[in-house]
Amino acid sequence: MKKFVTALFFAALFCATAFAQLPSVTVEDAKGMKFDTGKIADGKTPAVISFWSVTCKPCIQELDAINDALEDWQSEADFRVVAVSTDDVRFLAKAKALADGHAWGEFTLLYDVNSDFKRAMNVVYTPQVFIVSADGKIVYSHSGYNPGSEEQILQELKKLSPAKKSPSKKNSSAKRKI
């Protein structure tokens, strides 16, 4: 009976998270400007949202792994990466310096110094990754990181993004004009 109740709890938690809508919360962007998290859903491309902190080594490893694979992944699926620091104002400068030092310039960098977005997304532990569809539905979530587990993110993104085709080569058997 205990196992059944536990399984039911996790199934309900998955269902509640899997198709929830992205909340609209104000955080700070890399330039110190206010940013509405509801705008992550742009109606065009899905987004990977990764919650991280400066003291979380697995968070940094996962974001580095995503950054290293980003060019290859984007040849297979259209998406954006949003890295959300959960560090408070005391660690804000360190979080910004760490993001700069790791060359995460292709990511949208957000700083949730009051943990408003973190609470709205029910993030308890970092790293926590969500995949959000273009229309703002949360379609995938996982917490923790083991090297190689980032491949699951790519597989989920491929489900949301139409297959990309490689540029076609010109027909070599076409007749030449002389």
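Two residues are in contact when heavy atoms of the one lie within 4.5 Å of heavy atoms of the other. This notion is used throughout the following tour of a predicted model.

**The whole chain**

Begin with the entire protein in view. Of its 178 residues, 40% are buried. The protein has five helices and seven strands, and from the N terminus these elements follow the order α-β-β-β-α-β-α-β-α-β-β-α. Among contacts with a separation of 6 or more, 73% join residues that are 24 or more positions apart.

**Helix α2**

Next, select residues 57–74, which form helix α2. How far apart are the end C-alpha atoms of this helix? They are 25 Å apart; the 18 residues should span 26 Å at 1.5 Å a residue, so the two values agree. Now centre the view on Asp-68, where α2 has a kink of about 45°.

Colour the buried residues of α2, among them Cys-59, Ile-60, Leu-63, Ile-66, Leu-70 and Trp-73. Glu-62 and Asn-67 also belong to this buried set. A general rule is useful here: an α-helix has 3.6 residues a turn, so residues three or four places apart point the same way.

Which elements cover the buried residues of α2? The cover includes the strands β3 (47–52), β4 (80–85), β6 (128–132) and β7 (138–143). It also includes the helices α3 (92–101) and α5 (151–160).

Remain with α5 and select Glu-151, which is found in that helix. Glu-151 counts as partly exposed because its relative accessibility is 37%. Measure from its C-alpha to that of Ile-66: the two residues are 85 residues apart in sequence, but 9.0 Å apart in space.

**The nonpolar cores**

Now select Val-48, Trp-52, Phe-79, Trp-104, Phe-107 and Ile-153. These residues have the most contacts inside the largest nonpolar core, which has 29 residues. Two or more residues of this core come from each of β3, α2, β4, α3, β5 (108–111), β6 and α5. Which element gives the largest share? Helix α2 does, with seven residues.

Display the surroundings of Phe-107. Leaving aside residues up to four places away in sequence, Phe-107 touches Leu-63, Ile-66, Asn-67, Leu-70, Val-81 and Ala-83. Another core, of 16 residues, lies apart from the largest one; Val-25, Met-121, Phe-130 and Ile-138 are among its members.

**Aromatic rings**

Turn next to the aromatic side chains. The whole structure contains five aromatic pairs. Select Phe-51 and Phe-117: their ring centres are 5.2 Å apart and their planes meet at 45°, so this pair is tilted. Because Phe-51 lies in strand β3 and Phe-117 in helix α4 (residues 116–120), the pair ties together parts that are 66 residues apart in sequence. Are these two residues buried or exposed? Phe-51 is buried, with a relative accessible area of 0%, and Phe-117 is buried with a value of 0%. Add Phe-130 to the selection to see one aromatic cluster made of Phe-51, Phe-117 and Phe-130.

Then select Trp-52 and Trp-104. They form an edge-to-face pair, with 5.2 Å from centre to centre and 85° between the planes. Trp-52 lies in strand β3 and Trp-104 in the loop between α3 and β5, so this pair ties together parts that are 52 residues apart in sequence. Trp-52 is buried, at 0% relative accessible area; Trp-104 is buried, at 0%.

One further ring deserves a selection: Tyr-111. Lys-96 lies over the face of Tyr-111, at 5.4 Å from the ring centre.

**Unusual backbone geometry**

The tour ends with the backbone. In general, most residues other than glycine have a negative phi, and most peptide bonds are trans. Which residues here have a positive phi although they are not glycine? Ala-103, in the loop between α3 and β5, has a positive phi of about 55°. Asn-122, in the loop between α4 and β6, has a positive phi of about 60°. Asn-122 is exposed, with a relative accessible area of 63%.

Finally, select Thr-126 and Pro-127. The peptide bond from Thr-126 to Pro-127 is cis, with omega near 0°. Pro-127 is found in the loop between α4 and β6.

How values were computed:
Residues numbered from 1 in each chain as written. Predicted model: local features only at pLDDT ≥ 70, side-chain atom pairs only at ≥ 80, totals over all residues. Heavy atoms only, no water. Helix = DSSP H or I, 4+ residues; strand = E, 2+ residues; numbered from the N terminus. Expected span 1.5 Å × (residues − 1). Bend = angle between axes of the 7 residues up to and from the residue. Buried < 20%, exposed > 50% of the residue type's maximum accessible area, 1.4 Å probe, protein only. Core = buried A, V, L, I, M, F, W, Y, C linked by side-chain atoms within 4.5 Å. Phe/Tyr/Trp six-rings, centres within 6.5 Å; stacked < 30°, edge-to-face > 60°. Lys NZ or Arg CZ within 6 Å of the ring centre and 35° of its normal.
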